[in-house]
Amino acid sequence: EILERTEVPTDGYIPIVRCVGDEIDVQGKVTFAGIVRDAKDAQRMYNYWRTTEAELVALQPKAPFVMEEGQVEGHEAAWNQANTKSMPYLLYKGTSVAGTPAPPPSRQAMGMAPQGVLEAIQGAAQDMQATTGIRFDATLAERQYDESGKALHELRRSGDVGSFHYIDNFARALKYTGHLLIVMIPKVLDTPRIMNILREDGTEQMIRIDPSAGKAMMMGQNAQGQQLPIFNPSVGKYGVTVTVGPSYATKRIEASEQMADFMAKMPNAAPLIADLYAKVQDWPMAQEIAARLAKTIPPNILMPDPDNMTPEVAAKIQAMMNQIQQMTMERQQLMKQLQDQTADRMILNSKYEKDFAAKMAKIQTDYETKVMDIAQKMETALAKLDHQQRKDVADTTMQIMDRMNTPQETVPATNTGQNPLE
């Protein structure tokens, strides 16, 4: 009975994904099989011999205690429960045989499965590994501590070679799934919406699907002003490429191990790649540690290779370089102007110093000329005075000269009423 009908917009693709294991065509008859088809008999034998081992061990009587007669006398209840309960201690009565003390009771060794059964179990397990091409023996975890990293890598690679056709068929199934999604996404996601997608490293990123956008991909902003990629799945045509390999976590662990080996062999290069080593770790705050280490690396090493840049990134870097070059030229011009102003200031200072020296020399000359004129006038006036008047004039002149030689003091006016030079 048909319960429901739903139209799937796949444009002719059958929306059923087939993942084939082994496909064998013998004279037109195709046989499909999985990885367990040829391993069934080996698995049955493994189960049989494991069951036989359990049966043989279970049917054997429990290991008894061997003792001399009379050694449990008075302690029968404790010894009867020794096989079913965990006793902290067991008491026994010491006896002697022909005058010699008998040894204490002892438990017999536990029965084991026959060696042939154990070898059959191991052979069945090896048959399964040989049939499937996958190494899954129980001792692998124990041997990892004894084998080198290169040996383990070779063991994993041999297992991959034996089961490669399964991985290859799985990649074809993934590619067909991608074709179905490319056809269906423009028809199903026909209204604007916000979605979360997963990156290769497992982190989430928020994007916007907008069928009305003018481009297949453009950058916008969300309500908080953060950058938000906008996609229009109905613009353009797309293909599918599938790469099957280790997960991001596995690749990160392998990269960490190989980088540690590289830094151990080349310690001089360790400071230059320390930020990358911290970035691939799974520690708490590993990204913050990587960011701090990156600040200690020379800028020319952190500069990305121009051949690996996208046109948008290359254009932004070129614009920044042009801006830096323009700012450098402006700085040089300002430095030149500053130097010119400094030279002009030095010329002006030199001119001011020369003018000041000339004025001071003129003042000194005028002062000396006036002093000589005063002296001549005084000599002429003194020639007309008597002896007492000359003495008074000489004393007053000496006082005036002393006051003149002391600039911080104010020379008071002299008014004796008898000085003829007043």
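Me: How much space lies in the largest pocket of this predicted model?
Reply: The model is predicted. Its pockets were ranked by volume, and the figure here belongs to the largest one. The space in that pocket is about 490 Å³.

Me: Which residues are closest to the centre of the largest pocket?
Reply: The lining of this pocket is made of 15 residues. Five of them are named as closest to the centre. They are Ile 185, Ile 207, Ile 209, Phe 231 and Pro 233.

Me: Which elements give two or more residues to the lining of the largest pocket?
Reply: One helix qualifies, α6 (164-188). Two strands qualify as well. These are β7 (193-198) and β8 (204-209).

Me: How many residues of that lining are nonpolar, polar and charged?
Reply: Charged residues are absent from the lining. One polar residue is present. The nonpolar residues number 14.

Me: What is the order of the strands in the open sheet of four strands, and which are its edge strands?
Reply: The sheet runs β7-β8-β10-β9, with mixed pairing. An edge strand pairs on one side only. The edge strands are β7 and β9 (217-221).

Me: What does the twist of this sheet average from one strand to the next?
Reply: The sheet is open and its pairing is mixed. From each strand to the next, the twist averages 40°.

Me: Which residue in β10 stands opposite Ile 209?
Reply: Strand β8 is joined to β10 (residues 227-231) by two bridges, and the two strands run parallel. Ile 209 is also among the residues closest to the pocket centre. Its opposite residue in β10 is Phe 231.

Me: Are α8 and α9 roughly parallel or roughly antiparallel to each other?
Reply: Helix α8 (residues 270-279) packs against helix α9 (residues 286-294), with axes 8 Å apart. The angle is about 170°. Angles over 145 degrees count as roughly antiparallel. The two helices are therefore roughly antiparallel.

Me: How many residues in the contact of α8 with α9 are nonpolar, polar and charged?
Reply: From α8 come Ala 274, Asp 275, Ala 278 and Lys 279. The α9 side includes Ile 289 and Leu 293. By class, the contact has two charged, one polar and seven nonpolar residues.

Me: Which residue takes a positive phi in the hairpin of β1 and β2?
Reply: Strands β1 (residues 22-26) and β2 (residues 29-33) run antiparallel, joined by five bridges. Glu 23 faces Phe 32 across the pair. Two residues lie between the strands. The residue with a positive phi, near 55°, is Gln 27.

Definitions and conventions
Residues are numbered from 1 along each chain as its sequence is written. This is a predicted model: local features need pLDDT of at least 70, side-chain atom pairs count only at pLDDT 80 or more; totals for chains, interfaces and linings use all residues. Side-chain values use heavy atoms; hydrogens and water are left out. On a 1 Å grid over the protein atoms alone, a cavity is a set of points where a 1.4 Å probe fits but cannot get out, and a pocket is an open set with protein on both sides within 12 Å along at least five of seven lines; lining residues have an atom within 4 Å of a point. Grid points are joined across faces, edges and corners, and a volume is the space filled by probe spheres set on the points. Ala, Val, Leu, Ile, Met, Phe, Trp, Tyr, Cys and Pro count as nonpolar, Asp, Glu, Lys and Arg as charged, and the others, Gly among them, as polar. Two strands pair if DSSP finds at least two bridges between them. Axes are lines fitted to C-alpha atoms, for helices over the stretch in contact, and angles run from 0 to 180 degrees between N-to-C directions. Angles under 35 degrees count as roughly parallel, over 145 as roughly antiparallel, 65 to 115 as roughly perpendicular and the rest as oblique. Contact means heavy atoms within 4.5 Å.
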